[in-house]
Amino acid sequence: MKQDLENSWQRKLILASLRLRRWILALVIALSLAAALLAKGVTFDASIEAWFVDDDPALLTYREFLHHFEADELAVVGLFAKDGVFTPKNLQALKRITKACQQIPHAHRVHSLVNVRVFSARDDAILIDPLFRRVPQTLAAAQEIKERALADPLLSGVMVSKDGLATVLVIELAPAGNSFAAKVAMAEALQEIADREQGPGLTIRLAGTPPLDAAFYQFSVRDFRVMIPLTVLMVLLVSFLIFRRFSAALIPLTVVLLASLWCFGLMGLLGMKITVVSSALMAFVLAVGVADGIHILAEYD
């Protein structure tokens, strides 16, 4: 039995590792430095395509839809006016906001009362005209526009509230904007517009996928900064309580950190992105790495 243990491949591997420990340590450091450089290029992918394999029929249908209609995700800007949307001042603000939204990154189309077209019948013809061509200068002219908008079933309760106190801008995202970084940039641009335009009588609120993804990013960063230090502290504490040695407490943690770094470095090398699915990778590596480290230390002791 003793001879079998001495001739086992595990013992030979351990003895070889001890003899070459300096070379192995140098190799680990070199690989870790390279992985750290590659991991900087890993980005987050929040697109719906991350949930499907490339040849999934549903994904192919979705791409065909984008080919025909160009956009499928929206950002929404809601305007709430205390004295009503249909005043010269608020309609002028709506026009400025619409123009500014058309210039933000990855905006494909912007729909608002400023550029919406309405149907009307005249004699035997159906006319399609803008709701208004110029911003009215008088309250009476603005009220005429209000009456037309609220009488249109395609606008009333859809683009403007039935009481005329709120309206909405709908921004279609270009396909190039269907990425996490692009949506965060769009959300930041929209927030700048909202901060600049809203005032005592006008409140602006944002909705849609860009603000949602931006909030998801902010909360994820906050949770990451809180949870990772707590996790490291817990691993150190539990390992120390089990083995009563600081070296034994540091070994499982080092294994987890190096394995995570190498994983992200490999993702950077292969051009892979972090998705909602792969975001659980850190927790998986933590569970496996700490468990294996503790088992190996226990067997070694």
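This is a walking tour of the structure above, one selection at a time.

**Before you click**

You are looking at a predicted model, where local features need pLDDT of at least 70 and side-chain atom pairs count only at pLDDT 80 or more, while totals for chains, interfaces and linings use all residues. Residues are numbered from 1 along each chain as its sequence is written, and side-chain values use heavy atoms, with hydrogens and water left out.

A few words will keep coming up. Helices (H or I, at least four residues) and strands (E, at least two) are DSSP runs, numbered from the N terminus. Buried means under 20% relative accessible area, exposed means over 50%, and partly exposed is in between (1.4 Å probe, protein chains only).

**Stop 1: helix 4**

Select residues 57-69, which make up helix 4. How far apart are its end C-alpha atoms? They are 18 Å apart, which agrees with the span expected for 13 residues at 1.5 Å a residue. (The expected span is 1.5 Å times one less than the number of residues.)

Now colour L59, Y62 and L66, which are buried. They sit on the same side of helix 4, because they cover an arc of only 60 degrees around the axis. (The arc is that of the directions from the helix axis to the C-beta atoms.) The spacing makes sense: an α-helix has 3.6 residues a turn, so residues three or four places apart point the same way. Spin to the other side of helix 4 and you find P57, T61, H67 and H68, which are exposed.

Next, show D56. It caps the N-terminal end of helix 4, with a side-chain oxygen 2.8 Å from the backbone nitrogen of A58.

**Stop 2: helix 10**

Jump to residues 281-300, helix 10. Its 20 residues should span 28 Å at 1.5 Å a residue, and the end C-alpha atoms are indeed 28 Å apart.

Which residues of helix 10 are buried? Pick out V285, G289, V290, G293, I294 and L297. These cover an arc of only 145 degrees around the axis, so they lie on the same side of helix 10. What do they pack against? Turn on helix 8 (209-243) and helix 9 (246-270), and you have their packing partners; packing here is judged by contact, meaning heavy atoms within 4.5 Å. On the other side of helix 10, F284, H295 and E299 are exposed.

While helices 8 and 9 are showing, click R244 in the loop between them. It has a positive phi of about 60 degrees although it is not a glycine. R244 counts as exposed, at 60% relative accessibility.

**Stop 3: S32 in helix 3**

Select S32, which belongs to helix 3 (residues 21-39). Is S32 buried or exposed? Its relative accessible area is 10%, so S32 is buried. Not counting residues up to four places away in sequence, S32 touches L258, L261 and W262. With W262 there is also a side-chain to side-chain polar contact, at 3.1 Å. (A polar contact is a pair of N or O atoms within 3.5 Å; within protein, one must be able to donate a hydrogen and the other to accept it, and residues adjacent in sequence count only if both atoms are side-chain atoms.)

**Stop 4: a hairpin**

Select residues 117-122 and 125-130, strands 3 and 4, which run antiparallel and are joined by 6 bridges. (Two strands pair if DSSP finds at least two bridges between them.) Find S120 and look across to strand 4: L127 stands opposite. The two strands form a hairpin with 2 residues between them, and D123 in the turn has a positive phi of about 60 degrees.

**Stop 5: three loop residues**

Start with V114, in the loop between strand 2 (107-111) and strand 3. V114 and L94 are 20 residues apart in sequence, but 7.2 Å apart in space, C-alpha to C-alpha. Leaving aside neighbours within four places in sequence, V114 is in contact with L94, K95, T98 and F132.

Then find H106, in the loop between helix 5 (88-102) and strand 2. Its phi is near 65 degrees, a positive value in a residue other than glycine. With a relative accessible area of 32%, H106 is partly exposed.

Last in this group is T87, in the loop between strand 1 (74-81) and helix 5. T87 counts as buried, at 10% relative accessibility. Setting aside neighbours within four places in sequence, T87 is in contact with L139 and A142.

**Final stop: the cysteines**

Show C101 and C263. C101 counts as buried at 1% relative accessibility, whereas C263 counts as partly exposed at 26%. How many disulfides does a search of the whole structure find? The count is 0, using pairs of cysteine sulfur atoms within 2.5 Å as the test.
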